[in-house]
Amino acid sequence: MSAAEALRDGWLRRLLSLSTGRFGVAVVLLIALTALVALFWTPFSPTTTDISARWTGPSWPHLLGTDGSGRDILSLLMAGARTTVFVAVGAGVIATVIGIALAALGALTVRWVRESVAVLVDILIAFPVLIIATMIAAVWGRSLWVVIWAVGIGFGVNIARVTRPELRRVLHTDFVLAGRAVGLTPFQNLVRHLLPNVAPVFIVQLSWAMAVAVLAEAGLSYLGFGASLTDPSWGLLLSDLQRYIGVYPLSVVWPGLAITLTVLGFNLLGDGLREATDPTLSRRRASARTHVPGVVA
């Protein structure tokens, strides 16, 4: 069974049969639904302050309490989910474009181009996402686009490094050679045969890229390189609340828990996708579960 056939042959059913897959899908859907609802409704306005209600504990109507300005923490978290989804999707799109382009150039072109791309990937992969974000922020200033481009470039290179050898492997299979024989161009072969067969590897890397994007947005916003002060962000909220952790420790729990669960959800979704789309791994796991060693009397 090829990787493309594995994707079509009940991969969603296998994903949902895994506890990690179910947890990852549930978390990602919850965050996406929260972001969608927050576009139209939040319990309170995230920008409205109420000094008389500052530092209220979890109670009605402020279910998660308020911050030092009297803003509702639940509303801030819901608004921050919009930023999280925007950064994750934006970084994923940029990482996809960069990763596929570099992988295709490194696998399907003439030798000197392949070697040049391999050297470029080795150079770029030496720069962590935080360094790339700092360099971009030094030129363009702090914004969400700094995070999106930094994660997109950084993880796009990772996707290219992982996908390139898979493309080279599939390039020598019979169906690709048959496509060449009937006159398919390299681009047509890439779209029809190569990309569908490396999709499992690519999708897993993409889910991990989104997890890195969520964590990078929170971390960079916390450090002052990410979201602007007017953008709702879990990292900014955590930065504001941590100064009062000794007096109001519960308020810091909510943004930290949101970041942790979201990153964990994306990571476990990637692990579940890796197992669900890899037929050999699925068979090994199934064989291990059904094998019962004999009891020694």
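In the predicted model, I259 makes contacts with L215, A218, W234 and L238, leaving aside residues up to four places away in sequence. I259 also ranks, together with L77, W234 and L241, among the residues with the most contacts inside the largest nonpolar core, a set of 29 residues. At least two residues of this core are supplied by each of α3, α4 (73-108), α7, α9 (186-223), α10 (234-241) and α11. The greatest contribution is that of α9, which provides 7 residues. Another core, of 19 residues, lies apart from the largest one; I94, L144, V146 and A216 are among its members.

Helix α7, which spans residues 144-171, contains T163. With a relative accessible area of 4%, T163 falls under the 20% limit and is therefore classed as buried. Its contacts, again with residues up to four places away in sequence left out, are with A103 and V198.

On the surface, a nonpolar patch is formed by F23, L250, V253, L257, L261 and L264, whose accessible area together amounts to about 460 Å². Helix α11 (residues 249-276) accounts for the largest share of this patch, with 5 residues. F23, by contrast, is located in helix α3, which covers residues 19-38. The relative accessible area of F23 is 32%, a value between the 20% and 50% limits, so this residue is partly exposed. Because patch residues must have over 30% relative accessible area, the 32% of F23 satisfies that requirement. Helices α3 and α11 are thus represented in the surface patch, and each also supplies at least two residues of the largest nonpolar core.

Notes
Residues are numbered from 1 along each chain as its sequence is written. This is a predicted model: local features need pLDDT of at least 70, side-chain atom pairs count only at pLDDT 80 or more; totals for chains, interfaces and linings use all residues. Side-chain values use heavy atoms; hydrogens and water are left out. Patches are made of residues with over 30% relative accessible area and no salt bridge: like charges are joined within 9 Å, nonpolar side chains (Val, Leu, Ile, Met, Phe, Trp, Tyr) within 5 Å. Accessible areas come from the Shrake-Rupley method with a 1.4 Å probe; for residues, only the protein chains shown count as cover. A salt bridge is a side-chain nitrogen of Lys or Arg within 4 Å of a carboxyl oxygen of Asp or Glu. Helices (H or I, at least four residues) and strands (E, at least two) are DSSP runs, numbered from the N terminus. Buried means under 20% relative accessible area, exposed over 50%, partly exposed in between (1.4 Å probe, protein chains only). Contact means heavy atoms within 4.5 Å. A nonpolar core is a set of buried Ala, Val, Leu, Ile, Met, Phe, Trp, Tyr and Cys residues joined through side-chain atoms within 4.5 Å.
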